[in-house]
Amino acid sequence: MLLTREALLAGELQRLVAQLEGIRALSDEELHASLARTLARHPPGQDLWVFAYGSLIWNPTFHFVERRVARLHGYHRRFCLWTSLGRGTPERPGLMLGLDRGGSCCGVAYRIAAATVATETEALWRREMVTGSYTPTWVRIRDAEGARPALTFVINHAHERYAHRLDEREVAEVVAFAEGRLGACREYLFNTLRHLTELGLRDSGLERVAAVVGELRAAPSGGAGADEVSREPRP
């Protein structure tokens, strides 16, 4: 599956998730209610800034008129969400990035024009909020021109797929070998790091995970221990 704006607006991701046993996709009514609650805090007629920290950096799937490097304080980027569809399977779940509490995170701020906020956030919600594993959150980011409010997606600690006890070695063992409908987990990691580097940004935590992933992939055994991560309940 290609994750495109057109596919998202057509509800293809929701339909795929609905086919998985034990995972519930939010209904259109729930998605629209969540979107309406969030946008109620956004001043009408103004542009909207969205802070991206993972695949939105290199595949935003929404239309924007400007993008800037930005930093968010109070949250850090880490692999903290189990996935059995996009970058994994029910038999071998993968991990996705989320924003978790503490520290700071560098990423990209996108400006959505006021006239297109309704349509572009619809695409965004159908991507990020399909199962409710994230919480849409208003934050304050800082870029080269100063501080500004922005919308981002923080990991939902109450969600059943939240992975909160994995250390970097355990994360690497999952990321090295999990693959799903959207591709390999390791490609997701390497794409994120490559695009951060192109922007002149670093993430030492992801770099450490990537180094271990490389070691595991190069091991003759194919990575002993890749099936041993079981501390978190897997969807």
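Okay, a definition before anything else: when I talk about helix packing here, the axes are lines fitted to C-alpha atoms, over the stretch in contact, and the angles run from 0 to 180 degrees between N-to-C directions. Keep in mind that what you have up there is a predicted model.

With that, let's look at the helix pair. Helix α7, residues 185-198, packs with α8 at an angle of about 135°, and their axes are 10 Å apart. Anything over 145 would count as roughly antiparallel, and 65 to 115 as roughly perpendicular. So α7 and α8 come out as oblique to each other. As for the hand of the crossing, for α7 and α8 it's left-handed.

Hang on to α8, since it comes back when we get to the pockets. Strands next, though. β4 covers residues 134-143 and β5 covers residues 146-155, and these two pair antiparallel over ten bridges. They make a hairpin, with two residues between the strands. If you want a spot to zoom in on, take Trp 138, whose bridge partner in β5 is Leu 151. β4 also pairs with β2, again antiparallel, and there we have two bridges. Arg 71 is matched with Arg 142 of β4 in that kind of pairing.

Now, the pockets. How much space lies in the largest pocket? About 610 Å³. There are 33 residues in its lining, and the ones nearest the centre are Leu 3, Leu 13, Met 96, Arg 127 and Leu 182. Several elements supply at least two lining residues each, among them β2 (66-83), β3 (94-112) and α5 (117-128). The largest share, though, comes from α4, with three residues. And what's the chemistry of that lining by class? It has 21 nonpolar residues, eight polar and four charged.

On to the second largest pocket, with a volume of about 320 Å³. Here 19 residues do the lining, and closest to the centre you'll find Arg 77, Arg 78, Asp 203, Gly 205 and Leu 206. The elements giving two or more residues are β2, β3, α6 (168-175) and, as promised, α8 (204-218). By class, this lining divides into seven nonpolar, four polar and eight charged residues.

So, side by side: four charged residues line the largest pocket, and eight line the second largest. β2 and β3 each give at least two residues to the largest pocket's lining, and they also give two or more to that of the second largest. That's what I have, so over to you.

Definitions and conventions
Residues numbered from 1 in each chain as written. Predicted model: local features only at pLDDT ≥ 70, side-chain atom pairs only at ≥ 80, totals over all residues. Heavy atoms only, no water. 1 Å grid on protein atoms, 1.4 Å probe; cavity = no way out; pocket = protein on both sides within 12 Å on 5 of 7 lines; lining within 4 Å. Points joined across faces, edges and corners; volume = space filled by probe spheres on them. Helix = DSSP H or I, 4+ residues; strand = E, 2+ residues; numbered from the N terminus. Nonpolar A, V, L, I, M, F, W, Y, C, P; charged D, E, K, R; others polar. Pairing = 2+ DSSP bridges. Parallel < 35°, antiparallel > 145°, perpendicular 65-115°, else oblique. Left-handed = near helix turned anticlockwise from the far one by under 90°.
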